[in-house]
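Q: I'd like a close look at one helix here, please. Walk me through which way its sides face and what it packs against, and spell out the terms as you go.

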Amino acid sequence: MAQKGWTKSLAGSITEPAELAERFGIDPEPLQAVAARYPLRITPYYLGLVREVGDPIWRQCVPDPVELDDAGLAADPLAEEALSPVPGLIHRYPDRVVWLVSNACAVYCRFCMRKRQVGCGEARVCARTDDALHYLRGHPEIRDVILSGGDPLLLTDDRLADLLARIRQVPHIEIVRIGTRIPVTLPERITAGFCRLLQRFHPVYLNLHFNHPLELTDQAAAACGRLADAGVPLGNQTVLLKGVNDDPATMTGLMQRLLASRVRPYYLHHPDLVAGTAHFRPSVRTGMALMEKLRGHTSGLANPYYVIDLPGGKGKVPILPEYGRWEGDTLLLRTYQGETVSYRDI
């Protein structure tokens with residue numbers, strides 16, 4: 001049987017440092033040890049977005065020897081495995097669970113929060129379907145299931161349809177969310193047939209993962225458009241990455257282009273304290289300054305929540321710049337232009 005377009009494209013991905021090095025005229029040796037520990041895969045489409053060695057796309061997908069320095073950080077700082085009553089099913093918050101359904105991604109991002117396991121062979125990281133459904137049925141407080149991985153959209157349409165149908169048979173599950181970077185890295189996967197599949201199981205939400213304006217190509221925007229036309233609400237979770245998007249112009253441009261593509265900016269994540277990712281971490285002050293540059297200077301719709309996912313599985317906490325202080329019953333508020341205005345709380 002002939003391969004579908006997206007599976008053929010995925011099969012053509014670069015997975016060996018030598019091939020990457022030959023294409024860009026660099027030494028493959030520094031990349032070899034990194035790729036042996038944290039796998040390499042870059043789709044032809046995503047590699048085509050690289051303009052030069054070291055640019056924002058390159059930094060996100062090409063192995064870097066600094067990844068081998070754990071910098072004293074943990075492989076699983078969010079305690080996902082400790083919060084898994086069933087292996088591969090993470091129950092951190094009372095009414096929702098994360099179900100790991102895939103161990104693979106179209107592109108292995110170098111900042112991945114699960115780089116300890118994603119793409120790393122056949123390790124037991126995905127929840128078995130029967131075990132996960134048994135847990136869901138036994139916990140009526142769960143109303144929201146988030147499919148994650150790896151990337152759930154690397155499953156076939158048939159496999160996804162079967163999974164969604166079985167989740168929908170659990171009466172207290174109200175919504176399903178899917179976390180995916182596929183529109184960014186393999187937009188041809190978002191076919192008309194796939195969009196029709198999602199329509200059968202509404203309400204289904206997709207959380208996307210654009211990190212830089214260069215990723216919002218015409219192809220990526222068209223993929224988002226097909227999903228939006230199918231009635232799928234689209235949100236975006238950006239990771240704040242040093243040397244990629246940690247400046248006001250880049251972040252503002254990204255958020256505005258997301259809205260133009262019918263994708264709502266949702267979260268701006270401060271990087272998790274994951275081993276092998278320390279080189280991507282800017283200061284929290286940098287993130288707060290970026291949020292101040294967004295507020296008032298562009299649409300409120302373009303302002304995501306800036307959050308830190310606390311170590312130990314304590315959950316996400318929004319980080320807000322200081323805009324006001326109290327003097328008696330008067331609140332002194334700072335506008336986006338820096339002016340202080342008195343507001344009496346009557």
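A: Here comes a walk around helix α6 (residues 129–137), with a few other spots for company.

A quick word on ground rules: this is a predicted model, where local features need pLDDT of at least 70 and side-chain atom pairs count only at pLDDT 80 or more, while totals for chains, interfaces and linings use all residues. Residues are numbered from 1 along each chain as its sequence is written, and side-chain values use heavy atoms, with hydrogens and water left out. As for the names, helices (H or I, at least four residues) and strands (E, at least two) are DSSP runs, numbered from the N terminus.

Let's start with the inside of α6. Thr129, Ala132, Leu133, Tyr135 and Leu136 are its buried residues; buried means under 20% relative accessible area, exposed means over 50%, and partly exposed is in between (1.4 Å probe, protein chains only). Look down the axis of α6 and these buried residues fall within an arc of 160°, so they line one face of the helix. That arc is taken from the directions from the helix axis to the C-beta atoms. Here's a handy rule: an α-helix has 3.6 residues a turn, so residues three or four places apart point the same way. On the other side of α6 you'll find His134 and Arg137, which are exposed.

So what does the buried side sit against? The buried residues of α6 pack against β1 (89–93), and also against β2 (96–100), β3 and α7; contact here means heavy atoms within 4.5 Å.

Let's zoom in on that last partner. The axes of α6 and α7 (residues 157–168) come within 11 Å and cross at roughly 25°. That makes α6 roughly parallel to α7, since angles under 35 degrees count as roughly parallel, over 145 as roughly antiparallel, 65 to 115 as roughly perpendicular and the rest as oblique. The axes are lines fitted to C-alpha atoms, for helices over the stretch in contact, and angles run from 0 to 180 degrees between N-to-C directions. The crossing of α6 past α7 is right-handed: the near helix is turned clockwise from the far one by less than a right angle (anticlockwise would be left-handed).

Who does the touching? From α6 it's Thr129, Asp130 and Leu133, and from α7 it's Arg159, Leu163, Arg166 and Ile167. Sorted by class, that contact has three nonpolar, one polar and three charged residues. Ala, Val, Leu, Ile, Met, Phe, Trp, Tyr, Cys and Pro count as nonpolar, Asp, Glu, Lys and Arg as charged, and the others, Gly among them, as polar.

Just before α7 there's a quirk to spot. Gly150 is in the loop between β3 (144–148) and α7, and the peptide bond from Gly149 to Gly150 is cis, with omega near 15°.

To see the one-face pattern again, try helix α2 (residues 17–24), whose buried residues are Pro17, Leu20 and Ala21. Down the axis of α2 they fall within an arc of 100°, so they line one face too. Turned away from that buried side are the exposed residues Glu22 and Arg23. The buried residues of α2 pack against α3 (29–37) and α4 (44–47). After α2 comes Gly25, with a positive phi near 65°.
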